[in-house]
Amino acid sequence: MFNFLKEILICPECHGELMWEIMNENKIHIIEAEVKCLRCNKIYEVKNGIGRFVEYENSSDGWQDDENWLNDLIGNNPDVRKKLMTTDIEEMNAADIVIRYMVHKAEGNISEAEKLIEIINKKAYKEETIKANLSQLDYIVNSLKDENDFILDVASGEGSLISKFLENTDTCLISSDISFNVLEKAKKSTEEKGFSDRVSYIAFDLNKSPFKEKTVKTITSFLGLQNIPYPEVFKEMRRICNGKLYMACVFCCEDNIVNLRALEKGGSDKTWVKNKFIDEFNKVGFTSIVENSIITLDDPTPVGEIVKGATIDGYPVETGHFERAVVISS
């Protein structure tokens, strides 16, 4: 975790000042530390270079839940694992290849896992959808290629946007997610590519950010912020941001009735319907514009055959139009 971050971090629970006991650091990163809030006495840590500012008893680590499910599946079904890892990739559908990808990741075979990403995309999504997603990545990176301050990427997951920045800019980046587990894997991948000096990793709940007020100039998100359980996310983004948010989003189009109803039933319409999403940001004081809009016709993603019932995306539930765009809020 970047050394300078200790000057702009606070307790995510009570916003109290932090006391840092640093056990290991270098010129760029804090590697191991214990961090105590001077107000509420909560203890946080930096472990293996990753800041850990979340209590998982009160916050769900979905990535860890997925890995626990995977470990149970593979441990209890050796025949399924064998078929999953030995079947010719051309004979597998995208949902099963995703599970193979997860196994490689869980076992530390990062390079083998990454070889599957392009195959998964081609088997799971139409070409127009893949191009539209790449266009949003390119738009954000090109917009910020000359940024000379750090960029905070939220809900980073496995780091699609982080990787694009690293390959095409000289910007320093903070990769964040609620899951310490997924950040560990992303950090290992970054180190293998030789970019570790330019990235810092922090695990926290976006409803309870550990950043001081107005200390982050630029926040980005690629298809992640829409999936965060609110209600405090929008307020927290306003509290910490003193510049702009660049958010690559997918919105359900108005003619997409079946999927709109599914989103409403699942409680996701506030973030997956464009006007509702923008309204939430406007309520807390942002002004938003929509750029690089691309309409695609999307099909439901495949369901696993080797791993019965395995899925990739919850939406669409039926073929329909979706809008991919970058929302810029300031």
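**Exercise 1. The loop between β10 and β11**

Proline 316 is placed in the loop that runs between β10 and β11. The model under study is a predicted one. Determine which residue is joined to proline 316 by a cis peptide bond, and what omega is.

*Solution.* Start from the general expectation: most peptide bonds are trans, and most residues other than glycine have a negative phi. The bond between tyrosine 315 and proline 316 is cis, with omega at about 0°.

**Exercise 2. Positive phi values**

State where asparagine 41 and asparagine 292 are placed, and determine how each is classed by accessibility.

*Solution.* Step one concerns asparagine 41, which belongs to the loop between β2 (30-37) and β3 (43-47). Its phi is near 70°, a positive value in a residue other than glycine. Because its relative accessibility is 47%, asparagine 41 counts as partly exposed.

Step two turns to asparagine 292, which is found in strand β10. Although not a glycine, asparagine 292 has a positive phi of about 60°. A relative accessible area of 25% makes asparagine 292 partly exposed.

Step three adds a glycine: glycine 285, just after α12, takes a positive phi of about 110°.

**Exercise 3. The packing of α3 with its helical partners**

Describe how α3 is oriented against α2 and against α5, and list the residues that make each contact.

*Solution.* Two packed helices are described by the angle between their axes and the distance between the axes.

1. For helix α2 (residues 78-86) and helix α3 (residues 94-106), the axes come within 9 Å and cross at roughly 100°. An angle from 65 to 115 degrees counts as roughly perpendicular, and α2 and α3 are therefore roughly perpendicular to each other.
2. On the α2 side the contact involves Arg81, Leu84, Met85 and Thr86, which meet Asp96, Ile99, Arg100, Val103 and His104 of α3. By class, these residues are four nonpolar, two polar and three charged.
3. Helix α5 (residues 117-124) packs with α3 at an angle of about 160°, the axes being 9 Å apart. Since angles over 145 degrees count as roughly antiparallel, α3 and α5 are roughly antiparallel to each other. The crossing of α3 and α5 is left-handed.
4. Ala94, Ile97, Val98 and Tyr101 of α3 make this contact with Ile117, Ile119, Ile120, Lys123 and Ala124 of α5. Eight of the residues are nonpolar, none is polar and one is charged.

**Exercise 4. Helix α6 and its surroundings**

Establish the orientation of α6 relative to α7, then identify the contacts of tyrosine 139.

*Solution.* The axes of helix α6 (residues 127-143) and helix α7 (residues 160-168) approach within 10 Å and cross at roughly 50°. That angle makes α6 oblique to α7. The crossing of α6 and α7 is right-handed. From α6, Leu137, Asp138, Ile140 and Val141 meet Ser160, Leu161, Lys164, Phe165 and Asn168 of α7. The contact residues comprise five nonpolar, two polar and two charged.

Tyrosine 139 also lies in α6. With a relative accessible area of 25%, tyrosine 139 is partly exposed. Neighbours within four places in sequence being set aside, tyrosine 139 is in contact with Glu291, Asn292, Val326 and Ile328. The C-alpha atoms of tyrosine 139 and isoleucine 119 are separated by 24 Å, with their positions 20 residues apart along the chain.

**Exercise 5. Burial in α9 and α12**

Identify the buried residues of α9 and α12, and explain why those of α12 line one face.

*Solution.* In α9, the buried residues are Val233, Phe234, Glu236, Met237, Arg238, Arg239 and Ile240. Seven of the eight residues are thus buried, so α9 is largely enclosed by the rest of the structure. The buried residues of α9 pack against β5 (151-153), β8 (216-222), β9, α11 and α12.

In helix α12 (residues 274-283), Phe277, Ile278, Glu280 and Phe281 are buried. Viewed down the axis of α12, these buried residues fall within an arc of 150°, so they line one face of the helix. Their cover includes α9 (233-240), β9 (241-252), α11 (269-272), β10 (288-298) and β11 (320-329).

**Exercise 6. Glutamate 7**

Decide whether glutamate 7 is buried or exposed, and give the separation of its C-alpha atom from that of lysine 212.

*Solution.* Glutamate 7 sits in the segment before β1 (18-25). Its relative accessibility is 52%, so glutamate 7 counts as exposed. Glutamate 7 and lysine 212 are 205 residues apart along the chain, and their C-alpha atoms are separated by 8.9 Å.

Key. Residues numbered from 1 in each chain as written. Predicted model: local features only at pLDDT ≥ 70, side-chain atom pairs only at ≥ 80, totals over all residues. Heavy atoms only, no water. Axes fitted to C-alpha atoms, helices over the stretch in contact; angles between N-to-C directions. Helix = DSSP H or I, 4+ residues; strand = E, 2+ residues; numbered from the N terminus. Parallel < 35°, antiparallel > 145°, perpendicular 65-115°, else oblique. Left-handed = near helix turned anticlockwise from the far one by under 90°. Contact = heavy atoms within 4.5 Å. Nonpolar A, V, L, I, M, F, W, Y, C, P; charged D, E, K, R; others polar. Buried < 20%, exposed > 50% of the residue type's maximum accessible area, 1.4 Å probe, protein only. Arc of directions from axis to C-beta.
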